[in-house]
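These are my notes from going through the model, starting with a sheet and the helices on it and ending with a pair of helices.

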Protein chains: 2
Amino acid sequence: MPAVTLQDVAARAGVSQATASRVLNGSTRIPGEGVADRVRTAARELGYVPNAQAQALARASTGLLGLIVHDIADPYFSSIVRGVQAASRTARKQVLLASTDRDFDIERESVSTFIAHRADAIVLAGSRQSGHLDREIEGEFGRYRANGGRVVVIGQPLAFGSAVEPENHFASAELADALVASGHTEFAVIGGPASIRTSVDRRNGFVEALGRRGLTPLVEVSGNFTRDGGHSAAQRLAAALQLTPDHGRKPPCVFAVTDVMAIGAIAAWREMGLIVPRDVCIAGFDDIPTLRDHTPSLTTVALPLEEIGMRAVALALRLDADDLRERVPGDVILRDSTRLS
Amino acid sequence: MPAVTLQDVAARAGVSQATASRVLNGSTRIPGEGVADRVRTAARELGYVPNAQAQALARASTGLLGLIVHDIADPYFSSIVRGVQAASRTARKQVLLASTDRDFDIERESVSTFIAHRADAIVLAGSRQSGHLDREIEGEFGRYRANGGRVVVIGQPLAFGSAVEPENHFASAELADALVASGHTEFAVIGGPASIRTSVDRRNGFVEALGRRGLTPLVEVSGNFTRDGGHSAAQRLAAALQLTPDHGRKPPCVFAVTDVMAIGAIAAWREMGLIVPRDVCIAGFDDIPTLRDHTPSLTTVALPLEEIGMRAVALALRLDADDLRERVPGDVILRDSTRLS
DNA sequence: CTGAAAGCGCTTACAG
DNA sequence: CTGAAAGCGCTTACAG
């Protein structure tokens, strides 16, 4: 029981397929109203739904936007995806989603599949190893771009394509300054993977700003860009600093390079009986929506996550322009987690 | 600069297009090794990427799975999407995602677009008004199914299609029993929209179980299925119950029909100076991952969200079977938010 | 095993 | 304004 085809509609309306196509799938060449009405009526009566695959083949544009994230269940990514969704809808693009679980093979596979599906653009969210992809995937992207495909990265720019780039370094420095201004004098850092630039930029921005004031972190530990990565890093950090419940000293101020890690850290400390901000203070980065109802409220650098997703789509749709870079500033927000009593 | 085509590959390998197709896009009919090698080499050298749109047209299966959720940034949905992603990947299906923002027009639009893209199956997550769609969308689904499309709902079943159905009523009753067993005697309910069955089932399951013990809620309020919906409902509830900080009486136990609402409620109460579980107790439903790091820890009914997503995909892929229903039990988990001192 | 050819459902110059 | 026809890039009976 095959679907109703344009041909069916044309036949019922007593016109050619070309005419039916013109009235139904809007071109500038508008047939006479009488004809147009007949076609529309026939389409409605038959329940005609255009075959997007066939249209894509005939046109050479699929209306598909490929979106790759590390983990759709991570609030950082799901917020971005929300923005991408909103912008795609208004642009009448459909989004093809891949959540890679931070597996590079899966990411490569997803890119291939998206290219096979001839997505008009591919958006890569989430930073990757030192700003470059492997040879193979880079070759694929090269051909893809040569054939008119657009690629947009959220995070640090690749050697090609457009990018929406949060000002990680600068904002982290501002955070450090704000923390110092609020009275903190002892710091520590929970960093992410050394190979990931977002992680390195945030860490460096923070540490360098401290340096300018003659300060240096007491200790630095690192973990994966996940809640559990922050959790285990926080345990090591507590040991290194010999933090004990109610130690009475001034609490050290820890900078975790993502909110998700900061939340994991707080959980780890709570399990140890350590209270934030009494025994240890902490700040994160991103301002994921989850933070809104987290206790204690978390000091962080707010990034307009949804807007970042929307801007990525805007870049993906700019066929006129070449590769562009858009910088996104972060907003330092001081909350309870770094409050000195 | 058009992309490399199968024809190009065939030419370079000195074989027919048919042969190239057979070796590259696996059929049972395997050409001789010599030929096959030549084709594969040519494809590699040219950087051939099959055009999935053309394949879809020629085959009559797109390998696309349409997924519709209310809000991708809501942890309930993003967890489900994670499961859908995982299962789709192993099944080598691509996911077309739509986040409707709970807007019915957008949902209808998304269904149409997915059908236009000839998705092999469409998964609808998130309950909708009283278990039926409007006429128009139902007609579209009818034709879609007649043409071989599968539809799967997560939540209450529609009049057609398969469904993954959490045992809302039963699990809510179990929750009520557990709460009573733990010493609670006064209850209240924060419900969702009256038109949504998931909401009604959970509320009824809970209230009926109380009834069996001769108990009845002191008050019921309701709000949207969102954090803010829970937030405002909680304010009304606190007023109705005249809750004040440290009132010293036994805290009433509130059942919010979703975790997201419960979290909003706790936030509202905190703003009023009310402490959970000292002044008021609360339980939710779903066990969203966010709960893990929430304070106080929230009593809830755990649903295997990711697994639900995976099972929906499994149902979507069962071309053999007719419409199926799978029930998913919930697990009552008592935590601090309902702890009686 | 291999190839010529038709067909999948559209769009779009090109004529009229 | 309207139509006949070619073409988009594949797959798959049907012959050989």
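Which strands of chain B does helix α10 of chain B lie across? I looked this up in what is a predicted model, and found that α10 (residues 227–240) of chain B lies across β6, β7 and β8, running at about 155 degrees to β7(B).

I then traced the sheet itself, which is open and consists of four strands of chain B in the order β7-β6-β8-β9, with parallel pairing. I noted β7 (219–222) and β9 (281–283) of chain B as the edge strands, each of which pairs on one side only. Neighbouring strands are turned by 20 degrees against each other on average, when direction is ignored.

I also checked helix α9 (residues 197–212) of chain B, which packs on this sheet and touches β6 (187–191), β7 and β8 of chain B, its direction making about 170 degrees with that of β6(B). For the pairing of β8 (residues 253–256) with β9 in chain B, I found three bridges in the parallel sense, and B:Phe255 has B:Ala283 of β9(B) as its bridge partner.

Turning to chain A, I looked at α10 (residues 227–240) and α11 (residues 259–271), which pack with their axes 6 Å apart at an angle of about 50 degrees. Angles between 35 and 65 degrees count as oblique, and α10(A) and α11(A) are therefore oblique to each other. The crossing of α10(A) past α11(A) is right-handed. Among the residues that make the contact are A:His231 and A:Leu237 of α10(A) and A:Met261 and A:Trp269 of α11(A). I recorded the contact residues as nine nonpolar, five polar and two charged.

Notes: Residues numbered from 1 in each chain as written. Chains lettered and ligands numbered in written order. Predicted model: local features only at pLDDT ≥ 70, side-chain atom pairs only at ≥ 80, totals over all residues. Heavy atoms only, no water. Axes fitted to C-alpha atoms, helices over the stretch in contact; angles between N-to-C directions. Helix = DSSP H or I, 4+ residues; strand = E, 2+ residues; numbered from the N terminus. Parallel < 35°, antiparallel > 145°, perpendicular 65-115°, else oblique. Left-handed = near helix turned anticlockwise from the far one by under 90°. Contact = heavy atoms within 4.5 Å. Nonpolar A, V, L, I, M, F, W, Y, C, P; charged D, E, K, R; others polar. Pairing = 2+ DSSP bridges.
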